[in-house]
Amino acid sequence: MKFDVDKVILQNSIQKVVNVINPKSSLPVLSNILIETIKDRLSLIATDLDIGISCEIPVNVGEEGAITIPAKRFADIVRELPDGKILISVKRNNTVSVESGDIRFKFMGLPKEEYPKLPELNNKEVFKINAGVLKEMINLTYFAISNDETRYVLNGALLKIENNQISLIATDGRRMALVERKIDSVISKDISIIVPLKTIQELNRNLNIDKEVAIVFGENQILFNTGDIIIISRLIEGDFPDYKQVIPQNTPGKIRVNRENLMLAIRRAALFSTPDYQAVKFEIVKNKLIISKSTPGLGESREEVAAEYGGKELVLGFNPVFLLDVLKNLDEEDVSFDVSAADKPAVIRKEGYVYIVLPMRLS
């Protein structure tokens with residue numbers, strides 16, 4: 001195999017696929033990237049067996065072939081080379097040569113045959129959605145996905161398509177985010193699947209908001225074609241919680257506050273949060289929100305934020321991270337919270353979106 005390619009193009013393509021590699025994998029070949037030349041294209045593939053990413057870029061091919069090469073070493077070498085053309089060649093003994101001007105690296109690869117093949121989802125129904133819409137939906141939900149491996153079914157987001165509507169739902173048991181959007185695409189049957197967090201993150205990282213995303217649904221797999229890359233992933237099997245039951249229908253109190261002011265006040269209070277003293281105190285009084293934090297042996301803070309509120313006075317405690325996660329992904333100037341009692345969840349609503357966060361006990 002022999003080809004030459006621009007350094008910047010190659011470096012960008014490596015970054016698109018390398019994140020899925022698990023450095024702790026027990027299979028050495030999974031620490032590699034599969035590169036293959038076909039006509040005037042170079043294909044790069046990486047996988048951890050649960051998720052795989054492939055990317056194609058234009059190159060000048062001198063000789064077709066394929067090899068798997070250590071991903072981290074390859075990425076480090078390419079990054080340190082000067083801008084310009086890079087010549088890459090592979091000998092019959094799997095020796096890889098990387099050249100740029102007077103610079104030459106040599107290292108060993110592994111044969112293509114040792115690398116697992118990515119599944120193919122042929123003759124399946126294709127669903128298309130605007131990438132900008134999908135990216136917005138991910139940004140409003142991904143942070144609520146659980147990292148607790150003992151609750152495996154919550155380690156992903158529920159993707160539903162039914163009645164000309166697409167929904168994405170995530171929860172970790174202490175908060176829940178739900179976003180719904182109308183769609184023009186017609187699909188032959190309703191879809192309800194759980195997409196793993198890692199897949200959601202890689203998809204979001206590689207979305208081009210000016211394009212469409214083609215989604216292909218398999219029996220226990222899903223494929224996303226963004227135009228630049230293809231991501232194929234296993235799905236999480238199991239029953240997602242009945243999220244509709246936890247959405248409060250009517251709450252008596254509503255507080256409206258400037259989003260930026262609220263976010264900055266919570267960040268300042270969170271400076272005194274520790275793992276043992278996480279909760280930030282919210283005192284809601286007429287047309288005022290008092291945000292404070294007191295941590296023994298560390299310090300305390302107090303700040304008043306102007307707000308629109310005419311209900312009964314309330315004192316609540318919240319994990320500041322749970323509020324900052326959603327506030328930084330909203331784009332409204334003002335946000336409204338539904339609040340009712342110290343032991344009841346707060347709810348942020350806007351058209352097509354609901355975010356629910358449980359309160360914390362104040363020490």
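Helix H3 passes helix H4 in a left-handed crossing. Keep in mind that this is a predicted model. Besides that helix pair, there's an open sheet of twelve strands to look at, plus a nonpolar core of 105 residues, the largest one here.

**The H3–H4 pair**
- H3 covers residues 131–139 and H4 covers 197–206; their axes come within 10 Å and cross at roughly 135 degrees.
- That angle makes H3 oblique to H4, because it falls in neither the roughly perpendicular range of 65 to 115 degrees nor the roughly antiparallel one over 145.
- On the H3 side, Leu134, Lys135, Ile138 and Asn139 make the contact, while H4 brings in Ile200, Leu203 and Asn204.

**The sheet**
- Read across, the strands run E14-E11-E12-E13-E25-E24-E23-E18-E21-E20-E19-E22, and the pairing is antiparallel.
- E14 (191–196) and E22 (314–318) are the edge strands, so each pairs on one side only.
- On average, neighbouring strands are turned by 25 degrees against each other, direction ignored.
- Helix H6 (residues 320–327) packs on this sheet and touches E13, E19, E22, E23, E24 and E25. The direction of H6 makes about 170 degrees with that of E25.
- Zooming in, E19 (residues 280–285) and E20 (residues 288–295) pair over five bridges in the antiparallel sense. Lys281 sits opposite Ser292 in E20.

**The nonpolar cores**
- In the largest core, the residues touching the most other members are Leu10, Phe217, Leu262, Ile291 and Phe337.
- Setting aside neighbours within four places in sequence, Leu10 is in contact with Val5, Leu42, Leu44, Ile57, Phe74, Val78, Ile86 and Ile88.
- There's also a second, separate core of 14 residues, with Leu158, Leu178, Ile194 and Tyr243 among them.

How values were computed
Residues are numbered from 1 along each chain as its sequence is written. This is a predicted model: local features need pLDDT of at least 70, side-chain atom pairs count only at pLDDT 80 or more; totals for chains, interfaces and linings use all residues. Side-chain values use heavy atoms; hydrogens and water are left out. A nonpolar core is a set of buried Ala, Val, Leu, Ile, Met, Phe, Trp, Tyr and Cys residues joined through side-chain atoms within 4.5 Å. Buried means under 20% relative accessible area, exposed over 50%, partly exposed in between (1.4 Å probe, protein chains only). Contact means heavy atoms within 4.5 Å. Two strands pair if DSSP finds at least two bridges between them. Helices (H or I, at least four residues) and strands (E, at least two) are DSSP runs, numbered from the N terminus. Axes are lines fitted to C-alpha atoms, for helices over the stretch in contact, and angles run from 0 to 180 degrees between N-to-C directions. Angles under 35 degrees count as roughly parallel, over 145 as roughly antiparallel, 65 to 115 as roughly perpendicular and the rest as oblique. A crossing is left-handed if the near helix is turned anticlockwise from the far one by less than a right angle, and right-handed if clockwise.
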